[in-house]
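Thanks for coming. I will take a few minutes to walk through one model, mostly its charged side chains and a few points along the backbone. Please have the sequence and the picture in view.

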Amino acid sequence: MQRNTDSPETEKEVKDRLIDRRSFLAYTGIAGAALLSSGLLQSTTALAASDEKKGPPKPVHPLDPNAVTTVTISGLRALPTPSTTRAFLVSDAGKEGLFLLDSSDSVSADNGGTVIVSSSGARFKRLVDDAVNVAWFGAIGDGTADDSDAIQSAVNEAIAAGHGEVVFPQTSGFYRVTKSIEIRMPDHRFLHLRGIGQPEIRVTQFTSPDSHMSLFKCVRQTTPSTNAGVMISHLFINGIGVGESWGATNYYDNTQNKILFAVHMEVNQAIVHNCRFENVYGYGINIRYYDFALVDNCTFKSVGGHWYVNDGFDAFGDAVYCAQANSPSATAKVSNCVIVAYPSDRPRLSRIGVTFEFAAYQAVVENCYIEGYDRGIHVEGCPEIDLLVSATVVQRYNVGVFVQTGGKKLAFHHLRIFGNVGQYNGQSGPFATYEITSMPISTVFENCQFEIDRDVGSHLKIYTSFSNTTIVSKGGRWTFVFFKGLFNQCTLIGKCIYMYQCLTDQMNDCRLIGQPGSDQVIEAVAGSTILRLSDCVFENGWISLDNVSAGQEPLLSDCKFYKQAGSTMSYGGFIRPYAATIYINDGFLRSDIPMSFVASGGGTTKFLGLSYLDIAGTLQDSNGNPV
């Protein structure tokens, strides 16, 4: 029976409806504490229950829980004459929170989360500390209910009310999503979508009328935008409901080709941190029109895909894609990520691990592992890019790093590439270029390791420096085409490099090491030359040069040549010139059997300074005379 509101509440009724201060703070957290400490409750005319012995009611202290009534959402909606003197603590599981009556509002709609409208038309507003919870709006996360609308409502409310976070509580199941969640950011606003733990958001259905669908679509309200930002963190995004379309032949037909953008961001500050992506056929993270883009500490598994014709309409399948930066000061960084495409049983590799395209400027890939992509890292249409790749591994690839059109500076440190499985656009290997129209100021590989598992070939049309880098043949050889550059303190092992129309300025302090059956370390043909080899060491390995032009004859200065006892070499020398002249200055050779610096090949050898041979312990000069 409805209590008569004209008569005072009994003591029992008061106790039943009130909440103690400890429970109040436990339910409301920061928001409740802020309310109590701010004096907002003190400013009301809320009165404690009276009894005849204590006299008239007394004003309630701001920390007095007697000003708070516990109620459910349905109970709040049913209040016929709500009190203006109380705060209402909603106790519904997952929707707990503190509501206050806004007597000045008669138009706001009931959204089920932050605004509740009673049967009398009163508007109750949730006290929000800065974070909107998707559960307030009905997101359940049980893997059965469709949570799309609830999540969209939470996002809309956070943007409209100026809140900074949308939180996703951990659940025993997963948040089921069947359509895009659109995040339209106004200028000078930043929104953080944050998981508590790492709750799973699973796309279970493809509902887009187009051939692609975005799970989180973060876009600008104005173009261009100013200081609009979105951060997504601590979420597990699973695209298992959007099937793989390896056999599709019509890109625009969504019955054939279904592409999922797990995260699509077009905002000034775009940040994805500590997220997990799985089973995404399309794009893991696609970022455009940014000033600052950061993908950090994320894991990708079975993320990518690739069009059915290799080298044709190469349009999707990247784990991370950054493009069309807003200005030359814009920065994009991918760090501390494990990026793995689909397993090797798929028809082909996925497209690209990390892409910087169409006017990217400052770009960094740091401490990442990239596996199963046609190109590990791809740069295209970025003539002013300053790219740094460090502490990164690329394996199961066609081209490790591919640069098209050029750049400003390209630097690679502690990069390891191995496990080539094929070619892209006629090229393969750790590094390749194409249609270079903007020559970088410098391209440097430092402290890198390249393992050549099979024969590969690359156009290297930009001046490239290899420093403290190891290139080792593991059964294959890397063909350099149009290479210009130098090697400094590098180690070349086995039959690892074939040079075609290449000009190497110098090899300084390098080791060239032959392997049994693979002792020709470098083969230089079609006019390729190495102008100067200084302080290099040849160990059971040799090089050959063919048709070297006048004025580009190699000079070997202060080099050492060693054939170890018991080892075998294909020829009786360490350099084999074909129609080429070789200059040797102050060389030293040691062998357990008769050998010379140069093997016969139709070329000419000229000695400068003093060169010596130690043949089985007998010292000789460069002409073979005992010393």
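**Charges, turns and contacts in a predicted model**

I start with a proline: P224 sits in the loop that runs between β12 (212–220) and β13 (228–233). The peptide bond leading into this proline, from T223 to P224, is cis, and its omega is near -5 degrees. Keep in mind throughout that this is a predicted model.

Now follow the chain from that loop into β13. M231 lies in strand β13. Is M231 buried or exposed? M231 is buried, because its relative accessible area is 19% and the cut-off for buried is under 20%. In sequence, M231 and I271 are 40 residues apart, but in space their C-alpha atoms are 4.5 Å apart.

I271 brings us to strand β16, which covers residues 269–273 and includes H273. H273 is partly exposed, with a relative accessible area of 24%. H273 also has a partner from elsewhere in the sequence: C298 is 25 residues away along the chain, and the C-alpha to C-alpha distance is 6.2 Å.

Back to the end of β13 for a moment. H234 is in the loop between β13 and β14 (236–238). What is the sign of phi at H234? Phi there is positive, about 55 degrees, although H234 is not a glycine. H234 counts as partly exposed, at 24% relative accessibility.

A second residue with a positive phi is D509, where the angle is near 55 degrees, and D509 is not a glycine either. D509 is in the loop between β38 (503–508) and β39 (511–513). Its relative accessible area is 36%, so D509 is partly exposed. D509 also belongs to a group: with D535, D558 and D586, D509 makes up a patch of negative charge on the surface.

That patch holds charges of one sign. Next come pairs of opposite sign. Side chains of opposite charge can pair when their charged atoms come close. How many salt bridges does the structure hold? The count is 21. I will show three pairs and one network.

The first pair on my list is E165 with R194, whose side chains meet in a salt bridge at 3.0 Å, N to O. E165 is in strand β7 (residues 165–168) and R194 is in strand β10 (residues 189–195), so this pair ties together parts that are 29 residues apart in sequence. As for accessibility, E165 counts as buried at 18%, while R194 counts as partly exposed at 26%.

The next pair is R202 with E200, and here the salt bridge has an N to O distance of 2.7 Å. R202 is partly exposed, at 23% relative accessible area. E200 is buried, at 12%.

The last pair is R416 with E451, where the closest N and O atoms are 2.8 Å apart. This pair links distant parts of the chain: R416 belongs to strand β27 (residues 409–420) and E451 to strand β30 (residues 449–452), 35 residues apart. Which of these two is buried, and which is partly exposed? R416 counts as partly exposed, because its relative accessibility is 32%. E451 counts as buried, because its value is 7%.

Now the network. D102, D105 and K125 are linked in a network of salt bridges. Where is D105? D105 is found in the loop between β3 (97–101) and β4 (115–117). Although D105 is in a loop, it counts as buried, at 11% relative accessibility. The side chain of D105 has a further contact, a polar one, with the side chain of S108 at 2.4 Å.

To set two aspartates side by side: D105 is linked with D102 and K125 through salt bridges, whereas D509 gathers with D535, D558 and D586 in the negative patch. D105 is buried, and D509 is partly exposed.

If you want places to look on the picture afterwards, start with the cis bond from T223 to P224. Then go to H234 for its positive phi, and to the salt bridge of R416 and E451. That is all I have.

Notes: Residues are numbered from 1 along each chain as its sequence is written. This is a predicted model: local features need pLDDT of at least 70, side-chain atom pairs count only at pLDDT 80 or more; totals for chains, interfaces and linings use all residues. Side-chain values use heavy atoms; hydrogens and water are left out. Patches are made of residues with over 30% relative accessible area and no salt bridge: like charges are joined within 9 Å, nonpolar side chains (Val, Leu, Ile, Met, Phe, Trp, Tyr) within 5 Å. Accessible areas come from the Shrake-Rupley method with a 1.4 Å probe; for residues, only the protein chains shown count as cover. A salt bridge is a side-chain nitrogen of Lys or Arg within 4 Å of a carboxyl oxygen of Asp or Glu. Lys and Arg count as positive and Asp and Glu as negative; His and the chain ends are not counted. The place of a charge is taken as NZ of Lys, CZ of Arg, CG of Asp or CD of Glu. Helices (H or I, at least four residues) and strands (E, at least two) are DSSP runs, numbered from the N terminus. Buried means under 20% relative accessible area, exposed over 50%, partly exposed in between (1.4 Å probe, protein chains only). A polar contact is a pair of N or O atoms within 3.5 Å; within protein, one must be able to donate a hydrogen and the other to accept it, and residues adjacent in sequence count only if both atoms are side-chain atoms.
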